[in-house]
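Colleague: I would like to learn how to read a few features of a structure. Could you take them one at a time?

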Amino acid sequence: MSVVTTTREAGSGLAPSALIVRSWKAPIAFAIFSVLGAVLFIALARGGDTTYRLSNDTDAIVLPSIVLPADATGIATVVLMAIIAVYAFVLVRGGSKVPLWLTTLFALLFLVGFLTWAAAGSTVPLVGLLAGALTVSTPLIFGSLGGVISERVGVVNIAIEGQLLAGAFVAALVATFTGSAIVGLLAAMLAGALVSAVLAVFAIKYLVDQVIVGVVLNVLVVGLTSFLYSTVMTGDPDLFNKPERFERIAIPLLSDIPVLGPILFNQTIIVYIMFALVPTVWFALFKTRWGLRLRSVGEHPKAADTVGINVRGTRFWNVLLAGLIVGGGGAFFTLAAIGSFTKEMTNGAGFIALAAVIFGQWNPIRATLAALLFGFATNLQSTLSIVGSPVPSEFMLMLPYLVTIFAVAGLVGFSRPPAASGKPYIKS
Amino acid sequence: MSDDTKNPTPADSTATAKAVHEQVVAHETGRDASEPPVPRSNQIVKEIFGGSAAISVLAVVLALVFGGILIVLTDETVAQTSAYFFSRPTDMLVAMWDAVAGAYSALFRGSVFNYLRADDLAVAIRPLTETLANATPLIAAGLGVALAFRVGLFNIGGRGQMLIAAAAAGYVGAYIPMPPVIHLIVALVIGLIGGALWGGLVGLLKARTGAHEVIVTIMLNYIAFYLVSFLLRTPGALQAPGQNNPKSGPILDSAQFPPLLGDQYNLNLGFILVIVATIYVWYLLNRSALGFRFRAVGENPNAARVAGIKVERVYVQVMLIAGALVGLAGVYQVLGNFTGGFASGLDASIGFDAITVALLGRSKPWGVFFAGILFGALKAGSYTMQASEGIPVDIVLVVQSFIVLFIAAPPLVRSIFRLPTPDPLFQWRTPKLARKAEVNQ
């Protein structure tokens, strides 16, 4: 190892060491977080025990709660994090990469340390925390899947927020009219597709800049839904804004699994659709002919055109498809989570979904994980504010946006959008 | 070479080879491929702002027509009379006319001249001053967005820049007592610096890391919102002492914008500042060396770079100035509008309205000025519309976004009004040379 160190300075011009690209981002980030952990968990230790409740008394299998002494846990996690940071330094110095499992382990350690510190002296309902996170994440995941498809085909979708809001509004309206949540969901999907259609027509046919159309569509949908909400819905809420909601469906056996069961397998049908949709979109994007064509149109439309792919058509239909998905996610607000429409109820979820698309590197699985992370951060904030956290809730809410800025600035991970994303294709 | 692409060839390996060959040939023979293309965003800005004023007017008219349709569709009398449309159609038509005429005359009464009170001129012209007061922050923020547009940057971060500027100016204005005139100036300058720094951060990230400004500004909006929300509920920061609401203390008298026409009108010094800002932006863009560099980068950053302009530095410079201009809107909100103390909703979506203002004004300083006054009028009138006709103020958002959609797509407006394409310069397609360059990318 010392050999590498000595040659590093002198041999920087030589071919072998020039080939090794050392990325110091991970070890530096680890060191910063270790110091942060040391300051928070040890210097600002709060004492007391933290109780993690793993199951409710009504569950089929009741697990005992886990009690962690806050101070000792804090010291233990900081020590482990420091060891990982040093190990990462050694790894990078030796010219190898920091493996993903190490980063994951580090993140988990920090999370445990943070939770134990923040909730010291009180009880964390783990199932409720995670289930709430999934509820917050669901529309984000739908939004980010739509965003991934749309951007992969080469159309920047800033209008996710508008599609979600349109879906939520139409779902509430139609489900109230028809008395059927399923019809509401389908109508929401159509509403999302309608917003997408406007985006597609303006961006692909009229070659208007996609960012401008997206921004304007968001304003338009906010204006339209707020206007109709104030004029129509508030006039007679029973007639217009009392949608039939989806019932939770507990899957037999699976829902009895401790911790995971109530979180994953006692959900509304929209969540089950999401479970199926994420791998489907991934498979379709990367393993099918449709996906290959879609990606080629987004990366190099000219080459795609040369081999006979209809670039504009592919873009148009796939942007519509993205709208269908996002609109369906919007229905989750009114048909599952809340149960009625209110003004601007999506409250920036579309922009967090956009952040998830970028942080997830335009990959459906990673975008889903990013959306889960952001949903978890948001829900953690509300849980911690109940147990009385020392961290101001605003900073927790800021997290997704901060992380995204770091991501696009290239400080965290690697951010490269599809090459032709945002560029209209003009056949010459 | 452009003919080849028109014939879709079978999807086999020879086609791919052909595409590669084409590129190689283009690379060797044409100058298109060796010359870096003009970035798309710069092209778009040029196209949008190259359109004629007639398109702007028609877009406004069209948007108002759509607004009228929406009003008719949701009007209760219309709905009731439609039930017996076939026996007495006039009833419904009259109701439709009443709804639209009522709405738009209320809009006029609320924004220009209150003819119902024509006997008292001081009251009758109050709506006009309201329009100008509402237009003030819109113009300021619109100038900030427009200036960034001219360099080819989309400044969607109006909300964040306003909030930070407002927080900075509000802190000085509410909690640091100073002698009268100096206090106002210091609060104003601190606020502008706050906005400039928040905007400059975007430019810096763009210049240093290439981060796309649209994503960065959207994210910074939320960060600013949560940051200011936090400050507003933290005693000792912005929260009024001895209060529980997330709201600042009242702005001290010495830091408030003085009214221009007496206390009965809301019009204040802010409007003068906005006129000065408009003149400044006009001077900057059209008469200064810095503005020349801005426009050069806006036209084509690659050409500008070849000409020796430090493009990265221009990005930072323009975002600093744009942030300060948008910041002026935030400063106006706290020192001129919410002088009793402000909350985190102080931006009142002006940051987003500013985008529509800049688009309608075609990013020219005086265009933005008059577009801001138009949207100020819509805003002022919408309150009267809500009060007298029961039409929610949200209709303004709808009308505004329709205006921008129509402006952004001139061919659509032309096809609706069956106008001929007036001039090749105003073509909605990319100019031919640039198109070639792009295809060869």
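Modeller: What follows goes through a sheet, the domains, the nonpolar core and some single residues. Keep in mind that this is a predicted model.

Colleague: Let us begin with the sheet. In what order do the three strands of chain A lie?

Modeller: The order is E2-E1-E3, in an open sheet of chain A with mixed pairing. Strand E2 (66–69) and strand E3 (123–125) of chain A are the edge strands, each paired on one side only. On average, neighbouring strands of this sheet are turned by 20 degrees against each other, direction ignored.

Colleague: In which sense do strand E1 and E3(A) pair?

Modeller: Strand E1 (residues 49–53) of chain A pairs with E3(A) in the parallel sense, over three bridges. One bridge to look up is that of A:Tyr52, whose partner in E3(A) is A:Val124.

Colleague: Which strands does helix H4 of chain A lie across?

Modeller: Helix H4 (residues 70–93) of chain A lies across E1 and E2 of chain A, and runs at about 75 degrees to E2(A). Helix H6 (residues 126–152) of chain A also packs on the sheet, where it touches E1 and E3 of chain A. The direction of H6 makes about 45 degrees with that of E3(A).

Colleague: Now the domains. Where are the bounds in chain A?

Modeller: Domain 1 covers 18–121 and domain 2 covers 130–408. Their C-alpha centres lie 31 Å apart. Eight residues of domain 1 of chain A are in contact with nine residues of domain 2 of chain A. On the domain 1 side of that contact, six residues are nonpolar, one is polar and one is charged.

Colleague: How should I read a nonpolar core?

Modeller: In soluble globular proteins, nonpolar side chains tend to be buried together. Here the largest nonpolar core has 273 residues, and those with the most contacts inside it are A:Ala171, A:Ala356, B:Ala140, B:Val318 and B:Phe406. Helix H14 (residues 311–337) of chain B gives the largest share of this core, 17 residues.

Colleague: Which residues is B:Phe406 in contact with, leaving aside neighbours within four places in sequence?

Modeller: B:Phe406 is then in contact with B:Ala59, B:Leu62, B:Ala63, B:Leu412 and B:Val413.

Colleague: Which residues of helix H13 of chain A are buried?

Modeller: In helix H13 (residues 289–299) of chain A, the buried residues are A:Arg293, A:Leu294, A:Ser296, A:Val297 and A:Gly298. They pack against H6, helix H12 (269–287), helix H14 (301–306) and H15 of chain A.

Colleague: And what should I look for in the backbone angles?

Modeller: Most residues other than glycine have a negative phi. A:Glu344 is not a glycine, yet its phi is positive, about 50 degrees. A:Glu344 sits in the loop between helix H15 (311–337) and helix H16 (349–359) of chain A. B:Ala348 also has a positive phi, near 45 degrees, and is found in the loop between H14 and helix H15 (350–360) of chain B.

Colleague: Why is A:Glu344 called partly exposed?

Modeller: A:Glu344 is partly exposed because 14 other C-beta atoms lie within 10 Å, whereas 20 or more would make a residue buried and 12 or fewer exposed. B:Ala348 is partly exposed because its count is 17.

Colleague: Where is B:Ser388, and how far is its C-alpha atom from that of B:Leu378?

Modeller: B:Ser388 is in helix H16 (residues 365–389) of chain B. Its C-alpha atom is separated by 15 Å from that of B:Leu378, ten residues apart along the chain. B:Ser388 is partly exposed, since 15 other C-beta atoms lie within 10 Å.

Technical notes
Residues numbered from 1 in each chain as written. Chains lettered and ligands numbered in written order. Predicted model: local features only at pLDDT ≥ 70, side-chain atom pairs only at ≥ 80, totals over all residues. Pairing = 2+ DSSP bridges. Helix = DSSP H or I, 4+ residues; strand = E, 2+ residues; numbered from the N terminus. Axes fitted to C-alpha atoms, helices over the stretch in contact; angles between N-to-C directions. Contact = placed C-beta atoms within 7 Å. Domains from an automatic or database assignment. Nonpolar A, V, L, I, M, F, W, Y, C, P; charged D, E, K, R; others polar. Core = buried A, V, L, I, M, F, W, Y, C linked by C-beta atoms within 7 Å.
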